[in-house]
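Welcome! Please take a look at the sequence and the structure shown here before reading on.

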Amino acid sequence: MTGSRLPDIYDFHCHSTASDGVLSPSELVRAAAEAGVQQLAITDHDTLAGLPEAARAAAEHGLELVSGIELSVVWSKREIHMVGLGMDTTAPGLQALVAAQQHARVNRAELIGKRLDKAAGLANSYGLAAELAGTDAPGRPWFARMLVAAGKVRDEQHAFNRYLKAGQSAYVSTPWATLSDAVAAVREAGGIPVVAHPVRYGMTRRKLRQLLADFCEDGGLALEVAMPRLNEAQKALLDECLRDFPLHASGGSDFHTPAQKWLTLGRLPPLPDGARAVSELFGPHAAVAA
Ligand code: MN
Ligand code: MN
Ligand code: MN
């Protein structure tokens with residue numbers, strides 16, 4: 001798929017049970033195929049573990065699987081999400097970065113568990129969330145689902161508001177990789193660094209432009225601009241960013257669960273006029289072989 005044109009229906013941002021999604025990698029691929037998706041990147045948080053299973057399912061369903069990941073990184077004391085697309089997943093630098101991020105995630109999960117035991121009056125929060133997630137590094141959405149299942153809060157949003165979000169009792173800050181290091185690791189692996197969901201950080205226009213300037217200087221290559229439920233002001237801001245920075249355009253639903261009925265895999269607004277699609281940058285290692 002080297003330098004491929006963007007197909008009519010694609011999705012370069014979604015999650016499986018390898019991180020905080022609720023569909024297994026093969027169920028996710030099947031759901032994407034049923035939604036008509038032709039090119040798919042599964043971008044689990046700080047892990048590539050779902051890709052082998054997804055690749056086998058993709059071969060079965062006749063869709064192209066592009067390697068993907070969503071890395072939590074630090075830029076200017078903030079947490080930013082950077083998607084990597086089309087990497088050679090065997091690259092040692094990338095694997096080392098992913099291993100360090102996983103280590104940070106396990107430590108964070110254990111700490112969140114201890115704090116929740118106290119704050120919510122539970123006995124084994126970490127164990128319960130890990131079991132629900134099926135991994136030893138359950139992310140915050142799994143703790144939220146565990147709290148709902150334990151009857152401590154009425155829904156996941158309340159779990160975040162009451163316990164899990166920054167400033168609350170079970171929030172744990174995590175020593176993520178820096179944006180520069182993440183960009184370097186993805187580039188070394190032949191992949192494309194993408195700033196994920198730029199409108200979700202609550203940044204001013206000025207701050208976002210600073211982020212993109214630094215990202216470009218570090219070797220960043222693309223910006224996620226096609227996503228569901230953007231308002232006109234957000235669209236205008238993203239158009240402006242694509243015009244002013246040498247970035248290709250990516251898009252993805254950030255699908256986590258079929259329970260969010262308004263969000264469908266591959267249902268994205270068109271790229272802005274004149275945008276260059278990120279798929280033009282896909283190299284020889286972009287596809288994950290079954
Ligand atoms: Mn997530
Ligand atoms: Mn994200
Ligand atoms: Mn995501």
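This briefing covers a metal site, a set of strands and a helix.

This is a predicted model, in which local features need pLDDT of at least 70, side-chain atom pairs count only at pLDDT 80 or more, and totals for chains, interfaces and linings use all residues. Residues are numbered from 1 along each chain as its sequence is written, chains are lettered from A and ligands numbered from 1 in the order in which they are written, and side-chain values use heavy atoms, with hydrogens and water left out.

**The metal site**
- Asp20 (OD), His45 (NE2) and His256 (NE2) are the protein donors of the manganese ion (ligand 1), at 2.1 to 2.2 Å (donors are N, O and S atoms within 2.8 Å of the metal, or 3.2 Å for Na, K and Ca; water is not among the atoms, so sites may look incomplete).
- Asp20 sits in the loop between strand 1 (10-11) and helix 1 (25-34), and His45 in the loop between strand 2 (39-41) and helix 2 (51-61), so the pair ties together parts 25 residues apart in sequence (helices, H or I of at least four residues, and strands, E of at least two, are DSSP runs numbered from the N terminus).
- Asp20 is buried, with a relative accessible area of 6% (buried means under 20%, exposed over 50%, partly exposed in between, with a 1.4 Å probe and protein chains only).
- His45 is also buried, at 9% relative accessibility.

**The strands**
- Five of the five residues of strand 8 (residues 222-226) are buried.

**A helix**
- Helix 3 (residues 92-120) is followed by Gly121, whose phi is positive, near 65°.
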